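User: Could you teach me how to read helices in a structure like this one? I would love the general idea and then the case at hand.

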Amino acid sequence: MRIDGKTPGGNRTRLSEVIPLSTPYIVQIFPVYRCNFKCNYCIHSIPEQNRRYISSKSFLDFELYKKCIDDLCKFPKKIKMLRFAGTGEPLLHKDIAEMVKYAVKKQIASSIDIVTNGLLLTKKLSKELVNSGLSRLRISIQGVNSEKYRKVSGVNLNFDKFIQNLSYIYENKGKTQIYIKIIDCALDEGDEQNFFKIFGNICDTIAIEHVLPAVSQIDYSSIDKNSTKNLTQNGIKLENVEICPQPFYLMQINPDGNIVPCCSMETCCILGNCSTESLYDIWNNNRYNNFRKAQLLKQRKTYPICNKCNEYKYAVFPEDKLDNDAEKLLKLFK
């Protein structure tokens, strides 16, 4: 099923009607600050010394991860989604299947997702992920042939073998849903039909997404000839949204244990560290609420990274918009 313009997680709740949330909707685990690709639209195409602070560690410690999952048991409700993603490739973590398995055992989330480029999906790892109880595997495709993968991601990929591995996990997926997507800048003229022909029968849902200009050091006009198309990542008309909604429903756990309030490729604000504090306490602490209030007051310039960030505008859905309700919502956070 093609789901362009929609989120793989299904229908969204109007955020202004439910915040402040006693339990975050999404907890994003950022398990690996490394990638086996260097996609030309991603921060990993930039030398590390030229990046701003993201994480002081490359891999999240498994014991610290388990502590975080145990912390999530303290919230009054299940979170809607535990998502393994961030600025890196989750499948590089040697314990990724065990991470999923532990979260499933603790029953802390309605859905557990992994976002991956899929290159490391051997038969062995595919079996482990399916057996761990993974809810959804989101596979990001970078082209419809090996040549395009070299151009976009800088990798020499055996495309036929890659398709075989994706076919294997789909044929043996059990209850795991397979979502395949591609960024439009990875498609040349005439490639769209090939994309659906190659991948349409080895997934449950499929979509074409639009490049998100998330890295200030990258000239996106040189990558995407339609970079001025004024569409969000999911193909919705881009609007001038002032308030970032992410800190109101999401927390991200970085490999060094730092907790941040959004998916930005630069750390805007550290709101706690899960090695010394519980996730419940961090979600409700003054630092988090002060950050939220600054958003509602439209004082993003208080945080230099936020002040220049436009990334959230390209990821927002209509249900997430808070601008028209800021004054009313501010009273709830006071």
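**Reading the helices**

Analyst: Gladly! Let's start with helix 6, where the exposed residues Q193 and K197 sit on the face turned away from the buried side. Keep in mind that this is a predicted model.

User: Which residues of helix 6 are buried?

Analyst: First the general idea: an α-helix has 3.6 residues a turn, so residues three or four places apart point the same way. Here, helix 6 (residues 191–199) has D191, F195 and F199 as its buried residues. Viewed down the axis of helix 6, these fall within an arc of 50 degrees, so they line one face of the helix.

User: And what covers the buried residues of helix 6?

Analyst: The cover includes strand 4 (136–141), helix 5 (159–171), strand 5 (177–183) and strand 6 (205–209).

User: Can we try the same reading on helix 1? Which of its residues are buried?

Analyst: In helix 1 (residues 62–72), the buried residues are L64, Y65, C68, I69, D71 and L72. Around the axis they cover an arc of only 155 degrees, which puts them on the same side of helix 1. Among the elements covering them are strand 1 (26–29), strand 2 (79–84), helix 2 (96–106), strand 7 (250–253) and helix 8 (279–283).

User: Helix 2 contains K105. Is K105 buried or exposed?

Analyst: K105 has a relative accessible area of 63%, so K105 is exposed. From C-alpha to C-alpha, K105 lies 10.0 Å from I69, with their positions 36 residues apart in sequence.

User: What about S153 in helix 4 (residues 146–153): buried or exposed?

Analyst: S153 counts as buried because its relative accessibility is 1%, and the cut-off for buried is under 20%. Leaving aside residues up to four places away in sequence, S153 touches F37, K38, C39, Q142 and K148.

User: Now for a pair: how do helix 9 and helix 11 pack?

Analyst: In general, two packed helices are described by the angle between their axes and the distance between the axes. In this model, helix 9 (residues 286–296) and helix 11 (residues 326–333) pack at an angle of about 160 degrees, and their axes are 9 Å apart. That angle makes helix 9 roughly antiparallel to helix 11. Their crossing is left-handed.

User: Which residues make the contact?

Analyst: Helix 9 contributes N289, R292, K293 and L296, while helix 11 brings A326, L329, L330 and F333. By type, the residues of this contact divide into five nonpolar, one polar and two charged.

Notes:
Residues numbered from 1 in each chain as written. Predicted model: local features only at pLDDT ≥ 70, side-chain atom pairs only at ≥ 80, totals over all residues. Heavy atoms only, no water. Axes fitted to C-alpha atoms, helices over the stretch in contact; angles between N-to-C directions. Helix = DSSP H or I, 4+ residues; strand = E, 2+ residues; numbered from the N terminus. Parallel < 35°, antiparallel > 145°, perpendicular 65-115°, else oblique. Left-handed = near helix turned anticlockwise from the far one by under 90°. Contact = heavy atoms within 4.5 Å. Nonpolar A, V, L, I, M, F, W, Y, C, P; charged D, E, K, R; others polar. Buried < 20%, exposed > 50% of the residue type's maximum accessible area, 1.4 Å probe, protein only. Arc of directions from axis to C-beta.
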